[in-house]
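User: Please walk me through part of this structure in questions and answers.
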Amino acid sequence: MKAKGNFFILLLSMLGVVSCNDSFLDQTATTDLNEESVFADSAYATGFLTEIYADIGFDSELDRFGEGGLQCATDEAEPRASSRITTGVAFAMGTINPVIVTDDVWSRCYTNIRRCNKFMQLADRAPIAAATLKQYKAEARFLRAWYYYMLLRHYGGVPIVYDKIYGANDEIDATRQTYETCVNYIIDECNAVLAENVLRPRNSGRSNGRISQAACLALIMRVTLDAASPLHNGSGFGTEDTKLLLGYEDADPQRWQRAYEAAKRCMQMQGDYRLFECHTRHKFPDDAPEPGWGFYAVQSPAEFVNVTTDDTSRGSFSYPYASYQEIILMRKMPLSIHTCQLLDPPSCGGNGGAGYAYYDLAKCFPMIDGKPIDQSSYTYNPLQPAQNRDPRFDISIVYNGSKICNQQNYAYSVYTYQGENSTQDAVYSGTPTGLYTRKMLPRAASGNWWVEPPQSRPLIRFAEVLLSYAEAANEWKGPDFQETLSDGNTYGPLEALKLIRRRAGIEPGADGMYGLKAGMTQQEMREAIQLERRIELAFEGFRFYDVRRWMIAEKTENQPMHGLEITRVMGDDNKVTYVPREFVVRTHVFRKAMYFWPIPYAEIVKTPTLVQNPYYE
């Protein structure tokens with residue numbers, strides 16, 4: 001099969017470069033230039049690398065499929081109504097197939113892999129200082145591994161082109177490599193970058209968003225955690241022709257040891273990474289204490305350029321540097337109103353492009369004592385769902401009576417009830433679930449009358465490291481395992497969960513357990529970790545892959561998804577009452593094939609040697 005028209009060929013004329021500016025990762029206009037002129041100029045060569053960065057977080061974008069992203073392909077959110085059959089809806093309805101699936105990951109990842117190879121091969125021509133050139137080439141090498149990881153989590157084993165740059169008439173080996181080969185390649189590439197020792201342990205200021213040593217360690221952690229998980233660790237999933245493309249042949253519990261060691265290595269990495277905690281005070285909007293504010297602040301760190309915090313339990317520091325202590329890898333977002341349009345209710349200019357949170361997710365957030373809503377000493381009221389609740393709920397979900405920032409004031413009230421005096425934000429008319437998504441919605445400005453403040457969406461943060469450590473340690477060492485690390489603190493599965501809940505603003509309780517059960521079995525701890533990942537990492541692109549690698553998707557994705565209807569009723573005595581009712585929004589369907597993505601049909605047709613994933617034939 002010739003390279004012309006093949007899946008990872010992109011002519012140089014299609015690549016485009018950006019002009020140089022003060023911020024390395026800011027996106028600017030592109031210009032078509034030939035290979036010689038690009039790599040003869042330092043600004044153009046640097047811009048070429050910038051283009052590779054531009055796609056770094058596209059797979060978890062809130063509007064990836066046009067009517068939502070991965071959150072709408074799982075049990076987190078309902079996609080916006082559309083006459084089109086999108087990939088997200090097809091996954092939700094169990095109808096995904098190679099013809100209708102988006103080819104964005106396949107095409108964009110191989111495009112960027114080729115760009116990385118091109119940059120590493122030709123960057124020496126550019127008049128760039130030797131130390132900077134080494135750094136840039138190390139960044140490109142990591143980015144190549146990052147895009148292979150995107151491919152791996154979608155499809156399983158894929159063709160690896162290594163350092164090759166195919167020409168228009170070259171024959172390409174499109175043989176899919178085994179899952180194990182791809183895992184080892186990604187890990188080896190990250191370790192090779194670390195061995196060069198040219199990247200900073202942690203970036204700051206204008207360099208935030210660039211690759212660091214910490215990002216390399218975190219990617220190794222992710223890959224090893226996935227590899228140890230049930231789906232890939234000897235499950236036997238697939239046919240005889242495909243099972244080695246999707247996982248290991250044998251089930252080896254020591255893969256959990258590899259994941260545990262990788263996560264522990266992350267926890268002890270240089271750069272003073274930790275959770276950003278602030279419960280005592282902050283200066284926006286009113287100096288009032290706000291439990292869990294640190295959980296919100298890391299979602300949009302660039303918004304709070306003048307904020308300072310003091311938390312005597314963690315020392316004193318100045319905000320925006322404090323925010324980056326948790327963020328290991330981030331995507332710097334351009335100035336726009338895009339996020340507000342995706343998430344805001346209609347009355348604030350929102351268009352529903354990111355979908356609408358399900359009530360099933362909303363009910364997962366515990367009460368302020370850390371207990372489930374049906375087991376807490378506090379009373380859960382669906383009409384006042386944020387009252388005495390885990391602060392992450394109010395930060396993540398917009399419900400009837402929520403106060404958000406619109407174009408005019410910070411405390412704008414959103415009403416989703418139906419009935420007399422209902423608004424355009426009401427259930428059925430504004431939202432199909434009775435809820436909206438708030439996480440990642442900035443507070444400083446919102447709505448399409450304003451330009452949003454600059455945002456920086458986290459791709460990897462320290463909370464994920466703690467959760468990965470907890471999961472791997474529980475599987476390898478057990479739920480009661482404890483150890484003292486280099487910072488002098490004691491860690492283990494339980495301690496990691498307690499740290500995350502403490503930062504969230506949950507009450508420790510008299511027993512200091514933050515609502516967690518004492519003496520948990522390994523299975524109970526496993527379920528507690530899975531719940532905490534669902535809450536802490538909601539809408540960040542994790543849930544879709546988590547339920548698959550845990551092999552619980554056949555349960556979580558094969559059931560009705562619910563909304564909350566609130567009806568406003570005026571009585572004969574002019575007394576207003578509100579009546580809540582849970583209702584079915586959509587019944588999700590999950591087929592066995594959907595543990596992996598189908599390779600797009602067009603790629604299979606162009607490359608007959610490319611093996612399709614099982615159960616899609």
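The turns below cover a sheet and a pocket.

Analyst: This is a predicted model, in which local features need pLDDT of at least 70, side-chain atom pairs count only at pLDDT 80 or more, and totals for chains, interfaces and linings use all residues. Residues are numbered from 1 along each chain as its sequence is written, and side-chain values use heavy atoms, with hydrogens and water left out.

User: In what sense do strand 16 and strand 17 pair?

Analyst: Strands are DSSP runs of E with at least two residues, and helices are runs of H or I with at least four, numbered from the N terminus. Two strands pair if DSSP finds at least two bridges between them. Strand 16 covers residues 560-570 and strand 17 covers residues 576-587. Over 11 bridges, their pairing is antiparallel.

User: Which strands stand at the edges of the open sheet?

Analyst: The sheet has three strands in the order 11-16-17, with mixed pairing. Each edge strand has a single partner strand, so one side of each is left without a neighbour in the sheet. These are strand 11 (418-419) and strand 17.

User: Which helix gives the most to the lining of the largest pocket?

Analyst: A pocket is an open set of points on a 1 Å grid over the protein atoms alone, where a 1.4 Å probe fits, with protein on both sides within 12 Å along at least five of seven lines; lining residues have an atom within 4 Å of a point. Helix 15 (462-476), helix 17 (522-536), helix 19 (553-556) and strand 16 each supply at least two lining residues. With nine residues, the most comes from helix 17.
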